[in-house]
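Subject: A structure to look through

Dear colleague,

I am handing over the structure below, and I would be glad if you opened it beside this message while you read. What I found in it follows after the display.

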Amino acid sequence: MSDPASNPAEDVAGADAVADCPRCRKPLPLCICDSVTPLQSRLSLLILQHPQEQDRALGTARLTALHFANAVMKVGLSWPSLAKALGRPVADPSRWAVLYLGSAKAAALDPGKEVVALNRKGEMAENQRAILERIEGVVLLDGTWSQAKALWWRNPWMLKCQRVILGPKRPSAYGQLRREPRRDGLSTLEAAAVLMAALDKRPEIAATLQAAFGRMLARFREVQGSNPELAPRPKPRRQRDFRRRRKL
Ligand SMILES: [Zn+2]
């Protein structure tokens, strides 16, 4: 039997004919999976993707999960508990960190810290070090800002998890390629890089993930030149369209 995925070169003629990678689900010309080796981490990772998050070209959820031997990725809107989402028992959900979507800014609460734990009121928690050291897993919500908010509200078990926010040391490498889906401006892959490296105290985790993101974006830019229908340019903001039309 011939496998359409085995010969990407023949398929590059048109977007319809291009097969997807079964692992990262990106069109094969955009796939960088072969350069990914799963990392061992003390922490588990759970990525919940909103079903309408369809950005196959620039999305990072599956690529992020591929980086960790201990990662689970689920697509859906709601799960009855952390254990059900994860597919295994969880002794204490408060030992799982969830990236909080509120308006608190890490730089204002604890300047220089990449990960800040919040209390139930959304303020900086006391005993930062003790809280962060007992974290054994991380929940990330993948989607646009409003999709991530929908996931938050539809999964009340997240209230039992430890809320954290990020104070990334550098802006997202997406740059102008896409409008940032998260308030902290990071892709799911970059958020995982900051969190998993900081909580596991292993900076090399962040370096590995950021390098993979760099390769993904470099591949995207290459494909923008050779096969632009696979790597669409970001839609201009509506406001700017409006001004441009007025000038004409
Ligand atoms: Zn792939």
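A good place to begin is M196, which, once its neighbours within four places in sequence are left aside, is in contact with S41, L43, L45, V138 and I205. Please keep in mind throughout that this is a predicted model.

M196 also belongs to the largest nonpolar core, a set of 63 residues in which V138, L195, M196 and L199 are those with the most contacts inside it. Helix α7, residues 188–200, gives the most to this core, with ten residues. As background, in soluble globular proteins nonpolar side chains tend to be buried together.

Helix α8 follows in the chain as residues 203–226, and its 24 residues reach 35 Å from the first C-alpha to the last, which is close to the 34 Å expected at 1.5 Å a residue. Which residues of α8 are buried? They are I205, A206, L209, A212, F213, M216 and F220, and what covers them includes α2 and α7. When you look at how these positions are spaced, it may help to recall that an α-helix has 3.6 residues a turn, so residues three or four places apart point the same way.

The strands come next, and I would start with β6, residues 162–166, where five of the five residues are buried. Both faces of β6 are covered, with Q162, V164 and L166 on one side and R163 and I165 on the other. Strand β3, residues 96–99, runs parallel to β6 and is joined to it by three bridges; within this pairing, A97 has Q162 as its bridge partner, and L99 stands opposite V164. Strand β4, residues 115–117, pairs with β6 in the antiparallel sense, again over three bridges, and here V116 has I165 as its bridge partner.

Strand β3 has a further parallel partner in β5, residues 137–142, to which three bridges join it, and in that pairing W96 stands opposite G137. From β3, W96 and V98 point one way while A97 and L99 point the other way, and all of them are buried.

Another residue to find is T60, in the loop between β1 (44–49) and α2 (61–66). Is T60 buried or exposed? T60 counts as buried because 27 other C-beta atoms lie within 10 Å, where 20 or more are needed. Leaving aside neighbours within four places in sequence, T60 is in contact with S187, T188, L189 and F213. The C-alpha atoms of T60 and L189 are separated by 5.6 Å, although the two residues are 129 residues apart along the chain.

Finally, a word about confidence, since it bears on how far each part should be read. The mean pLDDT of the protein chain is 85, and 84% of its residues reach 70 or more. Among the elements, helix α3 (residues 82–86) has the highest mean pLDDT, 98, whereas helix α9 (residues 238–247) has the lowest, 43. Over residues 239–248 the pLDDT is below 50, and this stretch has one contact in the model beyond near neighbours in sequence. Residues 1–15 also stay under 50, and for them the model has 16 contacts beyond four places in sequence. Where pLDDT is low, the predicted coordinates should not be read in detail.

With best wishes

Key: Residues are numbered from 1 along each chain as its sequence is written. This is a predicted model: local features need pLDDT of at least 70, side-chain atom pairs count only at pLDDT 80 or more; totals for chains, interfaces and linings use all residues. Helices (H or I, at least four residues) and strands (E, at least two) are DSSP runs, numbered from the N terminus. A residue is buried if 20 or more other C-beta atoms lie within 10 Å of its own, exposed if 12 or fewer, and partly exposed in between; C-beta atoms are placed from the backbone. Two residues are in contact if their C-beta atoms, placed from the backbone, lie within 7 Å. pLDDT is the predictor's confidence in each residue, from 0 to 100. A nonpolar core is a set of buried Ala, Val, Leu, Ile, Met, Phe, Trp, Tyr and Cys residues joined through C-beta atoms within 7 Å. Two strands pair if DSSP finds at least two bridges between them. The expected span of a helix is 1.5 Å times one less than its number of residues.
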